[in-house]
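Biologist: Please take a close look at one part of this model, a single side chain and its surroundings. Then work outward from there, in plain terms.

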Amino acid sequence: MINLTKKIGVFAGLLLLLCAPRWAAAQIQRDTTHWNDEELYQDEDKSAPSFFSVGGGILGAYFIPNLSSFNTNVAQPFVGKNYRNEVWMIGGQGFITLPWVKNLRIGGMGYSGTSVDCGCSNDTITQNSTPVDRYLTYEVGYAALTIDYVLPLRINHFHIVPGIALGYGAVNIYARQAANRIDFNIGDEFGGGSPDNVYTTHTYSSSFFLYMPQLQFEYSPLGYLMFRLTAAYQGTSMGTWTVDQGVSLGNSSGLSGINGSGLVLSLGAFFGLFQ
């Protein structure tokens with residue numbers, strides 16, 4: 001009986017030694033009171049990515065205004081032609097991501113441009129038969145605060161950035177009429193020695209409030225270089241039209257349909273830190 005008891009004890013001990021490792025492994029697998037390093041990294045990778053940038057660069061834009069009112073009331077009467085709805089613009093922008101608001105970026109931007117048509121022509125003033133040269137341009141420029149949000153998408157070095165620009169600017173219409181001189185004499189230039197109404201230059205201006213929603217596609221091949229393609233709508237709330245630095249025009253209904261609104265397509269190159 002004693003020998004049988006010893007054999008059972010030895011058998012139980014061997015069985016315990018064989019099962020102990022498997023039981024311990026099962027307990028380790030079921031232990032959820034502590035985080036493993038691998039699990040911490042996996043959870044970090046699943047979170048939305050953050051974006052940081054600070055930099056500045058140059059912008060080139062193709063602006064498509066509606067110049068129908070300009071053509072009807074200004075271009076046709078003055079130079080006898082219609083202008084194309086095309087304005088090439090150049091500008092710059094600087095920006096920085098706010099550290100306390102994830103993926104929110106603010107900056108400052110400026111643009112200016114002139115119509116592709118100048119309206120240069122040689123006309124004859126009927127009242128004194130003096131041949132004159134006429135020059136006419138449509139110009140727009142502004143400065144704005146930009147507010148952008150970088151979408152938290154994982155697309156390597158590519159980012160999609162919706163935003164809006166809010167600012168202040170002006171539309172200028174520059175009209176010049178002049179004749180070729182025989183010789184230069186400053187007294188004749190201003191002393192009435194030339195026919196009336198031949199030498200005339202005026203700049204018609206109206207300031208505006210700018211609101212420009214935009215969608216930007218940015219690519220950073222390097223940590224210090226970024227390229228951008230932007231599609232935007234340049235909206236303008238126009239003010240009162242004046243002439244030659246604030247002189248009143250009285251009834252300016254002929255200019256009321258002229259503004260700085262239209263579609264804008266732009267390209268930009270920037271240097272800074274892009275992460």
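Modeller: The side chain of Asp148 makes a polar contact with the side chain of Gln216, at 3.2 Å. This is a predicted model, and the distance is computed from its atoms. Asp148 sits in strand S5, which covers residues 130–149. Asp148 counts as buried because its relative accessible area is 1%, under the 20% limit.

What lies around Asp148? Leaving aside neighbours within four places in sequence, Asp148 is in contact with Gln93, Asn103, Leu104, Arg105, Val161, Pro162, Gly163, Ile164, Gln214 and Gln216. Arg105 shows how the fold brings separate stretches together: Arg105 and Asp148 are 43 residues apart along the chain, but their C-alpha atoms are separated by 5.0 Å. The chain as a whole has many such pairings: among contacts between residues at least 6 apart in sequence, 74% join residues at least 24 apart.

Take two of these neighbours in turn. Gln93 belongs to strand S2, residues 87–97. With a relative accessible area of 5%, Gln93 is buried. The side chain of Gln93 has a polar contact of 3.1 Å with the side chain of Thr146. Beyond four places in sequence, Gln93 touches residues including Gly55, Gly56, Gly57, Met109, Thr146, Asp148 and Phe270.

Asn103 is in the loop between S2 and strand S3 (104–115). Asn103 is also buried, at a relative accessible area of 2%. Its phi is near 70 degrees, a positive value in a residue other than glycine. Asn156, in the loop between S5 and S6, likewise has a positive phi, of about 55 degrees, without being a glycine. Their surroundings can be set side by side: Asn103 is buried, whereas Asn156 counts as exposed because its relative accessibility is 76%, over the 50% limit.

Now move to another residue of S5. Arg134 is found in that strand and counts as buried, with 17% relative accessibility. Its side chain makes a polar contact with the side chain of Gln177 at 2.7 Å. The side chain of Arg134 also reaches the backbone oxygen of Phe78 at 2.9 Å.

Phe78 leads to helix H3, which runs from 68 to 79. In H3, the buried residues are Ser69, Phe70, Asn71, Val74, Ala75, Phe78 and Val79. An α-helix has 3.6 residues a turn, so residues three or four places apart point the same way. Right after H3 comes Gly80, with a positive phi near 70 degrees.

H3 also takes part in the largest pocket, a space of about 230 Å³. Of the 13 residues that line the pocket, the closest to its centre are Val74, Phe78, Ala175, His202 and Tyr204. H3, strand S6 (158–178) and strand S7 (200–222) each supply at least two residues of the lining. By type, the lining consists of eight nonpolar residues, five polar and no charged.

Last, the setting. The secondary structure of the chain comes to four helices and 11 strands. Of its 275 residues, 34% are buried, and Asp148 is one of the buried residues. The chain exposes about 16,600 Å², and carbon and sulfur atoms supply 61% of that area.

Technical notes
Residues are numbered from 1 along each chain as its sequence is written. This is a predicted model: local features need pLDDT of at least 70, side-chain atom pairs count only at pLDDT 80 or more; totals for chains, interfaces and linings use all residues. Side-chain values use heavy atoms; hydrogens and water are left out. Buried means under 20% relative accessible area, exposed over 50%, partly exposed in between (1.4 Å probe, protein chains only). Contact means heavy atoms within 4.5 Å. Accessible areas come from the Shrake-Rupley method with a 1.4 Å probe; for residues, only the protein chains shown count as cover. A polar contact is a pair of N or O atoms within 3.5 Å; within protein, one must be able to donate a hydrogen and the other to accept it, and residues adjacent in sequence count only if both atoms are side-chain atoms. On a 1 Å grid over the protein atoms alone, a cavity is a set of points where a 1.4 Å probe fits but cannot get out, and a pocket is an open set with protein on both sides within 12 Å along at least five of seven lines; lining residues have an atom within 4 Å of a point. Grid points are joined across faces, edges and corners, and a volume is the space filled by probe spheres set on the points. Ala, Val, Leu, Ile, Met, Phe, Trp, Tyr, Cys and Pro count as nonpolar, Asp, Glu, Lys and Arg as charged, and the others, Gly among them, as polar.
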